[in-house]
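Visitor: I'm new to this structure and would like a close look at a single part of it. Could you pick one and then show me what else is worth a look?

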Amino acid sequence: MRSPSRRRLLAGLLLAPLLTGCFASGGGEASDTSGGSRLRVALAFPPAENYSPYGADATLLTRLGVTEGLTRLDANGTAIPALAESWSRENDRSWLFTLREAAFQDGTEVTPKAVAAALTHATRAKPVTAALSGVELTAEAADGGRVRVTTADPDPVLPLRLSSPGLAVLSAKAYAKKGGVSPVGTATGPFELTKVTGTTAATLDRFDDYWGGRAQASGIDAKYIADGSARTNALRTGETDIAEAVPVSQAASLDKATRRDTATTRTTSLLLNTDSGPFKDPKVRAAAREAIDTSAFAKGVYEGYADSGVGIYGPALNWAADARSAMGVPPAEGWGSVKPTGRAEAQGAGGTSVTVATYDNRPELPEAAQVLKQQLEKAGFEVELEVREYSRLESDALDGKFDAVIAARNTMLDTGDPVSILASDYTCDGSYNLALLCDKKVDKAVATAESISDTAERQDASMAAEAAVLGTDAVVPLVHQRIITGVGAEVSGVQLDPYERALVGAGTRR
């Protein structure tokens with residue numbers, strides 16, 4: 001029996017997915033004026049790791065405009081310049097990245113030596129930052145203001161990997177304290193983290209020397225409000241300017257002008273513990289899968305702000321949706337270019353007792369858990385629900401202390417590569433394997449997909465690997481989500497990102 005390890009969100013490589021949603025922004029470039037009001041932002045997830053850039057908190061930093069990497073992703077998942085203004089491939093294992101003129105928030109210069117040191121620190125992070133899971137990478141300063149990045153094995157999508165929030169570039173000061181890394185005043189983004197109030201609030205000021213131009217807002221006052229109704233009320237009463245992750249139950253309470261919904265690559269799924277407990281038996285997993293009606297979640301729980309679960313990859317990814325259509329499979333029934341095989345025959349639940357866990361930072365999840373409970377009980381299961389705040393749930397879930405977990409996961413959040421979610425979430429050595437799945441066929445299919453550099457062929461191999469995962473019944477996709485963001489009437493330039501990496505940028509203002 002494999003021993004589950006406590007690792008963090010996100011995973012692996014990068015490739016360019018095509019999205020039906022648009023990375024929309026209501027504003028333009030940064031302003032050169034010295035004024036600008038402060039922005040008040042209500043966030044759903046408090047920091048769980050003291051703002052470490054190597055775990056789940058990495059996206060908090062990018063969403064608030066604090067940290068950057070050498071590259072970033074555009075709306076279609078293509079790598080475009082960030083701290084690196086250009087790059088070229090020397091050979092199959094080595095790339096040269098030419099740096100732009102930029103400064104860290106502590107006043108020091110962004111140099112090849114500083115960038116190489118930052119990437120080296122990321123390679124030594126424990127647990128490993130998910131973008132480097134299974135990857136051996138080295139970085140060194142080169143001439144001409146360039147950094148040479150080399151991988152032990154060929155990595156044709158390295159520029160995309162380096163856009164990961166977990167590979168942010170920080171100054172030497174960030175690593176001064178042994179055993180920790182601090183982004184406070186050491187990053188390169190348009191906003192500088194200046195004060196942290198535990199897990200309840202953070203204060204950010206405009207970084208006047210930002211290479212992309214002075215931000216239009218003078219700063220950000222961020223509050224972490226786990227209760228979705230409270231976040232929405234704060235926007236409605238004018239106490240905040242931007243509220244992320246508005247619950248679908250609250251959407252109608254907002255004026256249409258302040259309600260933005262964005263197609264994302266986020267899928268809500270039921271992950272079944274394949275390592276211990278009742279769901280270790282594939283026949284019991286099959287019984288759970290057959291008991292679930294996904295349309296009840298999309299139409300009921302998510303009130304139309306979601307599509308019924310069809311696989312790990314949702315309809316926001318054009319290539320996945322097209323593959324299902326090419327098979328002549330209805331969207332509500334599609335399993336990808338290869339239908340799952342080898343599924344066990346379902347056995348009756350017979351009063352089997354299971355504990356299903358979820359978290360309340362996303363208000364729809366507890367409601368989804370109640371619907372799931374009813375469906376499983378109708379099939380003969382006895383279900384106990386465990387609902388916590390996410391930071392209090394993650395480690396126990398990764399340690400296999402529940403029989404099942406309902407989780408919402410942006411399949412392209414870290415890397416933009418369809419293989420990454422499979423490698424991190426469903427392989428024996430995966431860094432975020434809530435199902436604790438360890439299946440030789442799955443590992444082989446994922447390894448095959450990882451070895452392919454051609455975009456179309458890699459996508460086809462990803463669909464085949466998806467089918468292998470679904471064939472184990474370790475995961476039951478419930479819905480593919482649209483995210484609702486509340487934006488004040490006077491606010492412009494909010495970044496509505498299908499990858500959920502960005503929210504506030506240099507052009508965001510009120």
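Guide: Here is a walk that begins at one strand and then moves on to other parts of the chain.

Before setting off, a word on the model: it is predicted, so local features need pLDDT of at least 70 and side-chain atom pairs count only at pLDDT 80 or more, while totals for chains, interfaces and linings use all residues. Residues are numbered from 1 along each chain as its sequence is written, and side-chain values use heavy atoms, leaving out hydrogens and water.

Our part is strand 17, residues 404-410. Strands and helices here are DSSP runs numbered from the N terminus (strands are E, at least two residues; helices are H or I, at least four). Seven of the seven residues of strand 17 are buried, so the rest of the structure largely encloses it. Buried means under 20% relative accessible area, exposed over 50%, and partly exposed in between (1.4 Å probe, protein chains only).

Which way do its residues point? Ala404, Ile406, Ala408 and Asn410 point one way, Val405, Ala407 and Arg409 the other, and all are buried. That fits a common pattern: in a regular strand the side chains alternate between the two faces of the sheet.

Now for the partners of strand 17. Two strands count as paired if DSSP finds at least two bridges between them. Strand 13 (residues 259-272) runs antiparallel to strand 17, and seven bridges join the two. Arg266, for instance, has Asn410 of strand 17 as its bridge partner. Strand 15 (residues 353-359) pairs with strand 17 in the parallel sense, over two bridges. There Ala357 is the residue whose bridge partner in strand 17 is Val405.

Strand 17 also brings us to a cavity, meaning a set of points on a 1 Å grid over the protein atoms alone where a 1.4 Å probe fits but cannot get out; lining residues have an atom within 4 Å of a point. The structure holds five cavities of 30 Å³ or more, and the largest has a volume of about 160 Å³, counted as the space filled by probe spheres set on the points, which are joined across faces, edges and corners. Its lining has 17 residues, with Ser269, Leu271, Arg409, Asp425 and Tyr426 nearest its centre. Strand 13, strand 17 and helix 11 (418-426) each supply at least two residues of that lining.

Next, an open sheet elsewhere. Four strands make it up in the order 5-6-8-7, with antiparallel pairing. Strand 5 (84-89) and strand 7 (137-142) are the edge strands, each pairing on one side only. Neighbouring strands in this sheet are turned by 25 degrees against each other on average, direction ignored. Five bridges link strand 6 (residues 94-99) and strand 8 (residues 146-151) in the antiparallel sense, and Leu96 has Arg148 of strand 8 as its partner.

Helix 2 (residues 112-123) lies across strands 6, 7 and 8, at about 170 degrees to strand 7. Angles run from 0 to 180 degrees between N-to-C directions of axes fitted to C-alpha atoms, for helices over the stretch in contact, and contact means heavy atoms within 4.5 Å. The buried residues of helix 2 are Pro112, Ala114, Val115, Ala116, Ala118, Leu119 and Ala122; strand 6, strand 7 and strand 8 are included in what covers them.

Just past helix 2, Pro127 sits in the loop that leads to strand 7. The peptide bond from Lys126 to Pro127 is cis, with omega near -5 degrees. Most peptide bonds are trans, and most residues other than glycine have a negative phi.

Two residues have a positive phi without being glycine: Glu303, near 50 degrees, and Asp473, near 60 degrees. Glu303, in the loop between helix 7 (295-301) and strand 14 (306-308), is partly exposed at 45% relative accessible area. Asp473, in the loop between helix 13 (455-471) and strand 18, counts as buried at 1%.

To finish, follow strand 18 (residues 475-487) to Thr485, buried with a relative accessible area of 6%. Not counting residues up to four places away in sequence, Thr485 touches several others, including Ile242, Glu244, Arg259 and Leu503. Lys441 in helix 12 (residues 440-450) is exposed, at 69%.

Technical notes. On a 1 Å grid over the protein atoms alone, a cavity is a set of points where a 1.4 Å probe fits but cannot get out, and a pocket is an open set with protein on both sides within 12 Å along at least five of seven lines; lining residues have an atom within 4 Å of a point.
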